Structure formats: structure tokens, C-alpha cells
Amino acid sequence: MTDVSNSKASLGRAIHAITGKWGWFVALGAGELILGGIASVNLMAASLASVLVIGATMAVAGIFQIVHAFSMHGLRGFLFWLLAGIVYAAAGAVILYDPLLASFSLSLVVCAFLVVAGATRIWAGFHMRPAAGWRWIAVAGIATLCVGVFLFSAWPAIGLWLLGAMLVVDLIFQGWGFIAFGIALRSRASRHSAEPATV
């Protein structure tokens, strides 16, 4: 019980500490909405930008893993980190060399992921019967599966815009989320400032 009280008190202090920063959250959300709007103008360019970021991240991560391999003691650990780093760095280099091909390939991976995720959710929903809410899980799985199958049927044409569309949706939802969070923090700060001070 004491641990729960301490965790609630810590959470309360953390929220209180960021209450005065609500404007930053609203500004961040507005910035992401603007970026989402800019990206939505050209989904192909947004897709290529997403792919380039992924490729650069993988290349840098691979280099770090290769460097890390030489600090490992023992042949097994050295080989594991070295091979993992080489694979990561090589994949990143290929993506950076031909981002258009990578965009098509990654969009195909997204389609496959949606199909597998949808089928898994359908299975999980029916497996949970007769627990309450199993139908919602199954319906969500069916919807995900249908989206995946639809995107599969539209491939490879979607390879030029799918990743960009996902980036736009993510920026817009995340932007609105930050704005809502900032407004909630502002309302909380206003309520606390309106409360009479206790002696």
C-alpha cells in the first residue's frame, strides 16, 4: 500500500513539474500538424524521406554495433555483434543507395504485417470466447486483415505513397495528441491557481 501511495505521489509531482510547460506541448503538436500537412502535399517525397531516415538510422546503428563488437570479450560475443552490425550497416547502405526500391520493399513488408496481425487478432478474439469483448478483438482483426489484403492487391502501386501516408497519419494524430495534452495541462494549472491557498 505504501508503494502505491509513493508511486502516486511521484506521478503527481511529475505532472506538477510539467504543468507550466503546457505551451511547449501545444507548440510541438502544432509543429507536427504543420509537418503532416506539408508531407501530405507529396506522399511520394514523404515516403522517400521516411525510407532515407530508416536507412540512415540502420547504417549508423550497424556502425555502432561493429565498433561495439571489438569491445566484447570472447569469440561468440564478438562474432554476434560483428555480424549483426555488418547486416544492419549493409541494409542501411542498400536503402540509402536505392530508396525507391526500398520503398516498394518496405511497403510490401507493411502489407504482410497487417495481414499477419489481422489473422492473429481474429484467432485471439475467437480463442477468448466467451469472455466479454472477444467480438471487438475479432472485428478489429477482420478490419486489419481487410486493409492488409486491400493493400496487397494494390501493390506495387502503393509502394510510392504508403509509407508517406503512414507518416502523415502519425504526425497528425501525434500532433493532436500533444495539443490535447498541453490544453489539459493548462486546464489543470488554471484549476490549481483558482483554488484558495491553504494556511
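The legends below describe close-up views of a predicted model.

**View 1. The largest nonpolar core of the predicted model, formed by ten residues.** The members of this core are V51, I95, A102, V110, C111, L114, L151, I158, L162 and L163. Two or more of these residues are given by each of the helices α5, which spans residues 99–127, and α7, which spans residues 162–194. The largest share, four residues, comes from α5. In soluble globular proteins, nonpolar side chains tend to be buried together.

**View 2. The surroundings of the core residue L114.** When residues up to four places away in sequence are not counted, L114 touches T144, L145, V147, G148 and L151. Of these contacts, L151 is itself listed among the ten members of the largest nonpolar core, as is L114.

**View 3. The buried residue Q65 in helix α3.** Helix α3, in which Q65 has its place, runs through residues 43–69. The relative accessibility of Q65 is 16%, and because buried means under 20%, this residue counts as buried. Leaving aside neighbours within four places in sequence, Q65 is in contact with W81, A84, G85 and Y88.

**View 4. A nonpolar surface patch that includes L100.** M44, L100, L160 and W161 together make this patch, the area of which is about 320 Å². L100 belongs to helix α5, the helix that also provides four residues of the largest nonpolar core. L100 counts as partly exposed because its relative accessibility is 35%, a value that lies between the limits of 20% for buried and 50% for exposed residues.

Technical notes:
Residues are numbered from 1 along each chain as its sequence is written. This is a predicted model: local features need pLDDT of at least 70, side-chain atom pairs count only at pLDDT 80 or more; totals for chains, interfaces and linings use all residues. Side-chain values use heavy atoms; hydrogens and water are left out. A nonpolar core is a set of buried Ala, Val, Leu, Ile, Met, Phe, Trp, Tyr and Cys residues joined through side-chain atoms within 4.5 Å. Buried means under 20% relative accessible area, exposed over 50%, partly exposed in between (1.4 Å probe, protein chains only). Contact means heavy atoms within 4.5 Å. Patches are made of residues with over 30% relative accessible area and no salt bridge: like charges are joined within 9 Å, nonpolar side chains (Val, Leu, Ile, Met, Phe, Trp, Tyr) within 5 Å. Accessible areas come from the Shrake-Rupley method with a 1.4 Å probe; for residues, only the protein chains shown count as cover. A salt bridge is a side-chain nitrogen of Lys or Arg within 4 Å of a carboxyl oxygen of Asp or Glu.
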